[in-house]
Amino acid sequence: MQIVSKPINIVIAGGNYAGLSAAKNLYIKLLATNPDYDGTKQAPPNPNVKITLIDRRNGFIHYLGMTRGISQPEYGSKLWLPYSDLPWLQHSSIAVKKNIISRITPTHVELADDDEHVAFDYLVIALGQSRNAPIGVASSTKAEYLEAMSKYQTSVKNSQSIVVVGGGAVGTELVADIKSDYPQKDVTLIHSRDLPIPGPFMDEFRHHVVDILHSLGVNTVFGERVIDEASELESFSSQPHKYAGIVPELVDSIKRNATITTSSGRVFQADLVFNTLGAKTKAPLVDLPSSTDAPIFSPTGIRVTDSMQINDPKYPNIFAVGDVCNRDLVKLAGAAASTGGLAGINIAKLVSALSGEQVELDVSSRGRGRGRGEKDGQRSAPLYGHMKLVLGEYNAVIHKGDGVIPPEVAKTMVAPDMKLGKALKQMFIGTFPVNRKQRD
Ligand SMILES: Cc1cc2nc3c(=O)[nH]c(=O)nc-3n(C[C@H](O)[C@H](O)[C@H](O)COP(=O)(O)OP(=O)(O)OC[C@H]3O[C@@H](n4cnc5c(N)ncnc54)[C@H](O)[C@@H]3O)c2cc1C
């Protein structure tokens with residue numbers, strides 16, 4: 001690496017599956033470079049680089065388990081991992097800033113309630129997508145998270161009739177988890193289409209989902225839109241948040257004592273209503289003017305190349321990874337981690353190159369979850385996506401490429417802990433990251 005008078009500033013915006021993977025690979029490739037490094041102690045400082053991770057939370061959240069966490073308090077309490085449990089992230093060349101990112105510009109990141117702008121030479125955008133709370137998780141500390149989860153869990157426990165609006169993956173997993181844990185409750189799923197799980201999947205998959213929901217005793221209302229909802233707003237979040245416009249996660253989607261009218265005129269009374277309709281884009285935060293005819297954002301996210309750089313010649317130093325980018329139509333945590341890791345490797349290559357040296361960047365293999373619908377990639381996308389749907393503790397169905405793994409087989413192929421253990425292992429809790437070569 002060149003010795004520079006001023007450290008190269010690498011900023012990672014968002015520190016969950018994708019952002020933490022980028023940070024981990026930057027640690028391995030730029031900090032843990034001593035041949036003696038074996039992961040048993042902190043890597044030495046590197047005065048040539050400064051890595052800044054910015055997130056509105058001070059910990060990782062395992063979204064995959066959120067629906068189960070809402071109905072099972074003990075499991076729900078394990079889904080938050082404080083960054084302070086990761087000693088490698090406390091490295092002197094890494095700064096972790098807890099703040100809301102209010103704007104990303106071509107040169108710097110702006111923070112809410114802070115006049116300081118964080119300038120970057122390289123940027124990784126790993127902001128994911130937005131979902132309202134509780135699924136989107138409004139909390140910014142573990143204490144807040146545990147308090148909020150306890151309120152959600154108590155509300156579920158104390159409600160006899162629960163309606164979930166929106167039959168995507170989140171809505172179906174939520175009704176299945178609640179009904180599995182509370183078989184005596186009336187649990188209803190309302191979805192505007194004739195079958196659940198929109199996206200690049202075969203109807204055979206959707207029919208398996210419906211069969212499982214019915215076997216659990218979930219009432220399903222398909223092909224009907226909610227046209228009116230009169231309710232008391234559940235007051236989980238204390239006040240409307242100043243930044244709710246750019247961080248929809250800060251807005252609660254739960255309502256209580258609701259009267260719901262659907263497009264067919266049917267009326268449902270519910271003690272508790274969860275709205276799981278769609279994820280929102282992070283586009284309002286990203287102020288990167290396009291230098292071409294194509295916009296920076298496509299309908300499925302920031303347009304990226306296979307090296308995960310923004311697909312615009314003006315921004316070779318800005319990478320977009322995980323759910324925020326358009327690589328996959330079906331957004332998955334594994335793809336977020338692998339694209340984040342790839343950005344980390346590629347930035348390390350660029351930073352370490354000698355002046356004028358041609359750098360060959362690593363490229364992402366197109367993911368299993370991609371599904372057809374994106375035309376930006378150079379390789380053609382498969383017709384169907386990948387999805388493992390875990391419907392309560394004992395049921396699952398898997399859509400794999402262009403085949404469906406039926407429930408009786410699928411249920412033996414899913415992790416009982418919703419991959420919590422795997423995600424935590426990949427974070428190197430209480431220790432320091434090593435790549436395979438260093439470990440062997
Ligand atoms: C209920 C549920 C179940 C799921 N189940 C599965 C599953 O079974 N399998 C699977 O593979 N995937 C699943 N997913 C999808 C998976 O969670 C996502 O693909 C994954 O979270 C994407 O990771 P990411 O790092 O790109 O984004 P995220 O995990 O969303 O992380 C984005 C980070 O950016 C931060 N951030 C966002 N905005 C700001 C801001 N303005 N300022 C500061 N920080 C900000 C957030 O705090 C967060 O830490 C599920 C998702 C949900 C919600």
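This is a short tour of a predicted model, with a list of things to select at each stop.

**Stop 1: the ligand**

Start by selecting the ligand and the residues around it. The shell holds 28 residues, and those that come nearest are Ala18, Asp55, Ile101, Asp323 and Ala333. If you colour the shell by residue class, you should find 15 nonpolar, six polar and seven charged residues.

Now switch to a cartoon view and pick out two helices. Helix H1, residues 17–31, and helix H7, residues 333–352, each give at least two residues to this shell.

Next, draw some distances from the ligand's oxygen atoms. Select the side chain of Asn16: one of its N or O atoms is 2.9 Å from a ligand oxygen. Move on to Tyr17, where a polar backbone atom is 3.3 Å from an oxygen of the ligand. Then try Leu332, which also uses a polar backbone atom, here 3.4 Å from a ligand oxygen. Before leaving, turn on a surface: on its own the ligand has 990 Å² of accessible area, and the protein covers 93% of that.

**Stop 2: the cavity**

Which residues line the largest cavity? Select Gly322, Asp323, Cys325, Arg327, Asp328, Lys331, Leu332, Ala335, Ala336 and Thr339 to see the lining. By class, the lining has four nonpolar, two polar and four charged residues. The space inside is about 60 Å³. Searching the whole structure turns up one cavity of 30 Å³ or more.

You have met two of these names before: Asp323 is among the residues that come nearest to the ligand, and Leu332 has the backbone atom 3.4 Å from a ligand oxygen.

**Stop 3: a cis peptide bond**

Select Ala133 and Pro134 and show the backbone as sticks. The peptide bond joining them is cis, with omega at about 10 degrees. Zoom out a little and you will see that Pro134 sits in the loop between strand E9 (122–125) and helix H4 (142–158).

**Stop 4: two positive phi angles**

Pick Asn257 first. Its phi is near 50 degrees, a positive value in a residue other than glycine. Asn257 belongs to strand E14, which covers residues 255–262.

Then go to Met418, another residue that is not a glycine, with a positive phi of about 55 degrees. Met418 is in the loop between helix H8 (407–410) and helix H9 (420–426).

Are these two residues buried or partly exposed? Asn257 has a relative accessible area of 43%, so it is partly exposed. Met418 has a relative accessible area of 5%, so it is buried.

**Stop 5: two distances to draw**

Finish with a pair of C-alpha to C-alpha distances. Select Ile10 in strand E1, residues 8–13. Ile10 counts as buried because its relative accessible area is 0%. Draw a line from Ile10 to Ile101: the two are 91 residues apart in sequence and 16 Å apart in space. Ile101 should be familiar from the ligand stop, as one of the residues that come nearest there.

For the second line, select Gln426 in helix H9. Gln426 counts as partly exposed because its relative accessibility is 38%. Connect Gln426 to Arg206 and you will span 32 Å in space, between residues 220 apart in sequence.

Notes. Residues numbered from 1 in each chain as written. Predicted model: local features only at pLDDT ≥ 70, side-chain atom pairs only at ≥ 80, totals over all residues. Heavy atoms only, no water. 1 Å grid on protein atoms, 1.4 Å probe; cavity = no way out; pocket = protein on both sides within 12 Å on 5 of 7 lines; lining within 4 Å. Points joined across faces, edges and corners; volume = space filled by probe spheres on them. Nonpolar A, V, L, I, M, F, W, Y, C, P; charged D, E, K, R; others polar. Near = heavy atom within 4 Å. Polar contact = N/O pair within 3.5 Å; in protein donor to acceptor, adjacent residues only side chain to side chain. Areas by Shrake-Rupley, 256 points an atom, 1.4 Å probe, with all protein chains shown as cover. Helix = DSSP H or I, 4+ residues; strand = E, 2+ residues; numbered from the N terminus. Buried < 20%, exposed > 50% of the residue type's maximum accessible area, 1.4 Å probe, protein only.
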